[in-house]
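Me: Please take a close look at the sheet in this model. I would like one connected account of how it is put together and what surrounds it.

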Amino acid sequence: MKLSWNPGDFAANECPRCRKLVRTKFEFRNVRLARSQLCVRDVLVDVCTECDHMVSIPPQSVPQLREAGVSK
Ligand SMILES: [Zn+2]
């Protein structure tokens with residue numbers, strides 16, 4: 001797997017909403033953390049091109065979320 005993604009990159013991933021393998025696109029989104037209800041701006045995530053659902057968060061974006069969750 002690629003280690004680093006850029007906005008506009010395409011990938012293939014399993015979408016939990018479509019329940020199938022879909023084409024996904026990397027873009028910046030505001031992500032709400034389920035646990036802390038914190039909203040983190042401009043996180044690079046993997047988005048389903050069919051239903052616009054956020055499919056996954058690439059490893060490179062995880063530290064950004066962690067930092068936001070900790071430095072509350
Ligand atoms: Zn989908």
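Reply: Two strands count as paired here if DSSP finds at least two bridges between them. The model is a predicted one. On that footing, 4 strands make an open sheet, in the order S1-S2-S3-S4, with antiparallel pairing. The edges are held by strand S1 (10-15) and strand S4 (54-56); each has a single partner strand, so one side of each lacks a neighbour in the sheet. On average, neighbouring strands of this sheet are turned by 60° against each other, direction ignored.

The sheet can be set in the whole chain before going through its pairs. The protein has 1 helix and 4 strands, and from the N terminus the elements follow the pattern β-β-β-β-α. Its radius of gyration is 12 Å, close to the 11 Å that the globule rule gives for 72 residues, so the protein is as compact as a globular protein of that length. The C-alpha trace spans about 35 × 25 × 15 Å along its principal axes. Of the 72 residues, 14% are buried. Among contacts with a separation of 6 or more, 42% are between residues 24 or more positions apart.

Start with the pair S1 and S2. Strand S2 covers residues 20-32 and pairs with S1 in the antiparallel sense over 6 bridges. Within this pairing, Asn13 stands opposite Val22 in S2. Ala12 also belongs to strand S1. From C-alpha to C-alpha, Ala12 and Val22 are 5.6 Å apart, with their positions 10 residues apart in sequence. Neighbours within four places in sequence aside, Ala12 is in contact with Leu21, Arg23 and Thr24. Ala12 has 10 other C-beta atoms within 10 Å, and is exposed; the cut-off for that label is 12 or fewer.

The loop between S1 and S2 contains Arg19. Most residues other than glycine have a negative phi. Arg19 has a positive phi, near 55°. With 8 other C-beta atoms within 10 Å, Arg19 is exposed.

Next comes the pair S2 and S3. These two strands run antiparallel and are joined by 8 bridges. One of the facing pairs is Val31 with Val40, its bridge partner in S3. The hairpin of S2 and S3 has 6 residues between the strands, and in it Gln37 takes a positive phi near 65°. Strand S3 itself covers residues 39-48 and includes Asp42. Asp42 is not a glycine, yet its phi is positive, at about 55°. Asp42 counts as exposed, with 12 C-beta neighbours inside 10 Å.

The last pair is S3 and S4, which pair in the antiparallel sense over 2 bridges. Here Asp46 stands opposite Ser56 in S4. The hairpin of S3 and S4 has 5 residues between the strands, and Asp52 in that hairpin has a positive phi near 70°.

What does the sheet give to the nonpolar core? The largest such core has 7 residues in all: Cys15, Val31, Val43, Val45, Val47, Cys48 and Val55. S3 supplies the largest share of this core, 4 residues. Val55 is one of the core residues, and its contacts can be listed in full. Leaving aside neighbours within four places in sequence, Val55 is in contact with Asn13, Cys15, Thr24, Asp46, Val47 and Cys48. Of these partners, Cys15, Val47 and Cys48 are themselves in the core. Asn13 is the residue that stands opposite Val22, Asp46 the one that stands opposite Ser56, and Thr24 is also among the contacts of Ala12.

That leaves the helix. H1 covers residues 62-70 and includes Arg66. Arg66 has 12 C-beta neighbours inside 10 Å and so counts as exposed. The C-alpha atoms of Arg66 and Leu33 are separated by 9.6 Å, although these residues are 33 apart along the chain.

In short, the antiparallel order S1-S2-S3-S4 is joined by 6 bridges between S1 and S2, 8 between S2 and S3 and 2 between S3 and S4.

Conventions. Residues are numbered from 1 along each chain as its sequence is written. This is a predicted model: local features need pLDDT of at least 70, side-chain atom pairs count only at pLDDT 80 or more; totals for chains, interfaces and linings use all residues. Axes are lines fitted to C-alpha atoms, for helices over the stretch in contact, and angles run from 0 to 180 degrees between N-to-C directions. A residue is buried if 20 or more other C-beta atoms lie within 10 Å of its own, exposed if 12 or fewer, and partly exposed in between; C-beta atoms are placed from the backbone. The radius of gyration is taken over C-alpha atoms; the globule rule is 2.2 Å times the number of residues to the power 0.38. Two residues are in contact if their C-beta atoms, placed from the backbone, lie within 7 Å. A nonpolar core is a set of buried Ala, Val, Leu, Ile, Met, Phe, Trp, Tyr and Cys residues joined through C-beta atoms within 7 Å.
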